[in-house]
Amino acid sequence: MFNIDFNSVVIWLLPNKLRTIFNVAWLKALISPIVEVYNNFISYRTQTLYKLNHNSQVCYIESALNDAFDSSDRRIYITDAGGEVVTLINRDTDLDALIISDDVEWGIIIHNDSAYYGGSYDFIVNIPYQFSEADLYRLKGIVDYYKLAGKRFDVVVNI
């Protein structure tokens, strides 16, 4: 319904006697603004149909993010916030070394605030590679467009 070939329409509507190279080129030049408006309309229609096909479900937000940033590997995913158990560390003195594992000394593991229950986020967008600042703002804009009102999210880079 929306596929119009304006070059063919110009040729079809010309009588056979007037189908010269000059007349066809002149009519194509005359309808070039209409073709530009038509192409803008088709682009707007495609973008609107894409937005209407996606909603605030996690699978659709992931799909929109992967379409925008990682279309080949599709590694961006969303997880629920919370789930980590908070372990409080009580040491008798500050002189004792806190050993996390055998090969790490004086190490402290710090998690994001979104990793704990009762944090200030509802879901986490996990990114497997480093983003530029502009891409990060674009990602937040896409998530803000599709998420439900009142839902809070965090963006975590998992390298």
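Select F153 to begin: in this predicted model the residue is buried, because its relative accessible area of 15% falls under the 20% cut-off. F153 belongs to strand β5, which covers residues 153–157. Display its surroundings, setting aside residues up to four places away in sequence, and the residues that F153 touches appear as Y121, F123, V125, K140, V143, D144 and K147. For a distance label, draw one from F153 to S120, where the C-alpha atoms are 8.4 Å apart in space although the two residues are 33 apart in sequence.

From F153, step to V125, which is in contact with F153 and also, leaving aside neighbours within four places in sequence, with L65, I76, Y77, I78, L139, V143, D154, V155 and V156. V125 is among the residues with the most contacts inside the largest nonpolar core, a set of 16 residues in which L65, F69, L139 and V143 are named alongside it. Colour α4 (58–69), β4 (123–127), α5 (133–146) and β5 next, since each of these elements supplies at least two residues of this core. In soluble globular proteins, nonpolar side chains tend to be buried together.

Keep α4 selected and place a ruler along the helix: its twelve residues should span 16 Å at 1.5 Å a residue, and the end C-alpha atoms are indeed 16 Å apart, so the two values agree. Now show the buried residues of α4, which are I61, S63, A64, L65, N66 and F69, and then look at what covers them, including α3 (32–52), β1 (77–80), β4 and α5.

The next stop is charged, with four salt bridges in the structure. Select D67 and R74, whose side chains meet in one of them at 2.9 Å, N to O; D67 is partly exposed, with a relative accessible area of 36%, and R74 is likewise classed as partly exposed at 38%. Move on to R75, which is partly exposed at 37% and pairs with D70 at 3.0 Å, N to O, and with D73 at 3.9 Å, N to O. D70 is buried, with a relative accessible area of 5%, whereas D73 is partly exposed at 48%. Through these shared partners, D70, D73 and R75 are joined into one network.

Finish at W12, in helix α1 (residues 6–13), which counts as exposed because its relative accessibility of 65% is over 50%. Add I4, V9, I11 and L13 to the selection, and together with W12 they form a nonpolar patch on the surface with about 520 Å² of accessible area.

Conventions. Residues numbered from 1 in each chain as written. Predicted model: local features only at pLDDT ≥ 70, side-chain atom pairs only at ≥ 80, totals over all residues. Heavy atoms only, no water. Helix = DSSP H or I, 4+ residues; strand = E, 2+ residues; numbered from the N terminus. Buried < 20%, exposed > 50% of the residue type's maximum accessible area, 1.4 Å probe, protein only. Contact = heavy atoms within 4.5 Å. Core = buried A, V, L, I, M, F, W, Y, C linked by side-chain atoms within 4.5 Å. Patch = residues over 30% accessible without salt bridge, like charges linked within 9 Å, V, L, I, M, F, W, Y side chains within 5 Å. Areas by Shrake-Rupley, 256 points an atom, 1.4 Å probe, with all protein chains shown as cover. Expected span 1.5 Å × (residues − 1).
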